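Here's a quick tour of one protein chain, written for someone who likes to poke at coordinates. Have the viewer open and follow along.

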Amino acid sequence: MLLHIPALLNADELAHCRARLRDAQWTDGRETAGVQSAKTKNNLQLPRDSEACRELGEIVLRALGRNALFNSAVLPYRVSPPLFNRYEGGMRFGAHVDNAIRGILAGGIHTRIRTDVSSTLFFSDPDEYDGGELTIHANGNEQAIKLPAGDMILYPTTVLHSVTPVTRGCRLAAFFWSQSMIAEESRRQIMFDLDMQVTSLRERLGDADPAVLSLTNIYHNMMRQWCLL
Ligand code: NI
C-alpha cells in the first residue's frame, strides 16, 4: 500500500525545519548505506549524532504521535530515528533494497527493528526542484512520487525504490522505517480498512451504537490474533 499523509507537519514546524536544514552541516550520505546500496547512492545527509538531526527528528516523531492516519496504517511498534537528506546538482539514489533489519539507538539503548514500512517526508515543494522523484518499483511498474513540503508518503519496505537525479534546485526530505505490530502487509491493510470504516461509522452513529461497539470489539480481537510484540 502507498499512502499519502497530507500536512504531517504544521506550518510553524515546517518553517522551523526548513530554516534549520538550510543552515545545517551536511555529510556524504553513503556513510549510512549498506555495501551494495552505497554504490548507487549519491546524496548528502545530516550526521546522525548532530544536534540538528536529533532536534528535527524529535519534531517529526511528535508529529507522528498525533497523526491518526499514520498510526492506523502502520500500527507502529518501533520507529527508527528520522534521517534527513539533501539532493542537488544531479545527485540521485539508484534502485536499491533497504535492509530487513536495522540497528537503532532508541532512548540511549541499542536495539534492532524489522523494517516493515518506509516513510519519506518532503521538506521542499515540488516547484523548488526538477527531478528527485521517489520512485517505487513494484510488479514491473514504476510509480513516481513528489509531494508538497510537509506531506509524507508511506510505502512497504519490501519494494525496490530509487530517487531520480535532481537536475535543478535542492530536494530536502526526511526518511525513517517503522516496525509494525503486524508484520504481514495484507493483514495490516485489512486492519487499516476496518479502522477507517469503524471511524466513519462512529462519526455517523456515535460511540454507543451497538454496531459500532461490536465492530470495535472485532477490531481489537483481530489485533490480539495478529499482533507480534
Ligand atoms: Ni532506501
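## Where the two domains meet

This is a predicted model, and a good place to start is the interface: domain 1 and domain 2 bury about 680 Å² between them, with 64% of that on carbon and sulfur atoms. On the domain 1 side, the residues that lose the most area to domain 2 are S72, A73 and L75, which together make up 57% of what that side buries. For anyone wondering about the choice of number, the size of an interface is often quoted as the accessible area lost when the parts come together.

As for the bounds, domain 1 covers 3-180 and domain 2 covers 185-226. Taken over C-alpha atoms, their centres are 30 Å apart. In terms of contacts, 11 residues of domain 1 touch eight residues of domain 2.

## What the interface is made of

How many salt bridges are there between domain 1 and domain 2? The count is zero. Polar contacts don't add a lot to the list: one residue pair between domain 1 and domain 2 is in polar contact, with both residues at pLDDT 80 or more.

Helix α4, residues 68-74, gives the most to the side of domain 1 that touches domain 2, supplying four residues. Sorted by type, the residues on that side of domain 1 come out as seven nonpolar, three polar and one charged.

## Salt bridges in the model

Side chains of opposite charge can pair when their charged atoms come close. Here the total is nine salt bridges. One of them joins the side chains of E13 and R66, at 2.7 Å from N to O. E13 sits in helix α1 and R66 in the loop between α3 (51-65) and α4, so this pair ties together parts that are 53 residues apart in sequence.

Is E13 buried or exposed? With a relative accessible area of 12%, E13 is buried, because the cut-off for buried is under 20%. Its partner R66 is partly exposed, at 48%. Setting aside neighbours within four places in sequence, E13 is in contact with L8, I59 and R66.

Two further pairs are worth pulling up. R54 and E51 meet in a salt bridge at 3.5 Å, N to O, and both lie in helix α3, three residues apart, which is about one turn of the helix. R54 has 46% relative accessibility and counts as partly exposed; E51, at 48%, is partly exposed too.

The other pair is R30 with D28, whose side chains form a salt bridge at 3.3 Å, N to O. R30 counts as partly exposed, with 39% relative accessibility. D28 is also partly exposed, at 33%.

## Two backbone oddities

If you run a Ramachandran check, look out for A7 and N139. A7 has a positive phi of about 45° although it isn't a glycine. Where does A7 lie? A7 is in the loop between β1 (3-5) and α1 (11-23).

N139 isn't a glycine either, yet its phi is positive at about 55°. N139 is placed in the loop between β12 (134-138) and β13 (141-145). As for accessibility, N139 counts as exposed because its relative value is 79% and the cut-off is over 50%.

## A buried serine

Last stop: S178, found in strand β16, which runs over residues 166-180. S178 has 0% relative accessibility, so it counts as buried.

Which residues does S178 touch, not counting those up to four places away in sequence? They are F70, V74, R78, V79, R114, T115, D116 and V117. To place two of these, F70 and V74 fall within residues 68-74, the span of helix α4. That is the helix that gives the most to the side of domain 1 touching domain 2, so a look around S178 brings you back to the helix from the interface section.

Note on methods:
Residues are numbered from 1 along each chain as its sequence is written. This is a predicted model: local features need pLDDT of at least 70, side-chain atom pairs count only at pLDDT 80 or more; totals for chains, interfaces and linings use all residues. Side-chain values use heavy atoms; hydrogens and water are left out. Domain bounds come from an automatic or database domain assignment. Contact means heavy atoms within 4.5 Å. Buried area is the accessible area (1.4 Å probe) that two parts lose on being put together, summed over both. A salt bridge is a side-chain nitrogen of Lys or Arg within 4 Å of a carboxyl oxygen of Asp or Glu. A polar contact is a pair of N or O atoms within 3.5 Å; within protein, one must be able to donate a hydrogen and the other to accept it, and residues adjacent in sequence count only if both atoms are side-chain atoms. Ala, Val, Leu, Ile, Met, Phe, Trp, Tyr, Cys and Pro count as nonpolar, Asp, Glu, Lys and Arg as charged, and the others, Gly among them, as polar. Buried means under 20% relative accessible area, exposed over 50%, partly exposed in between (1.4 Å probe, protein chains only).
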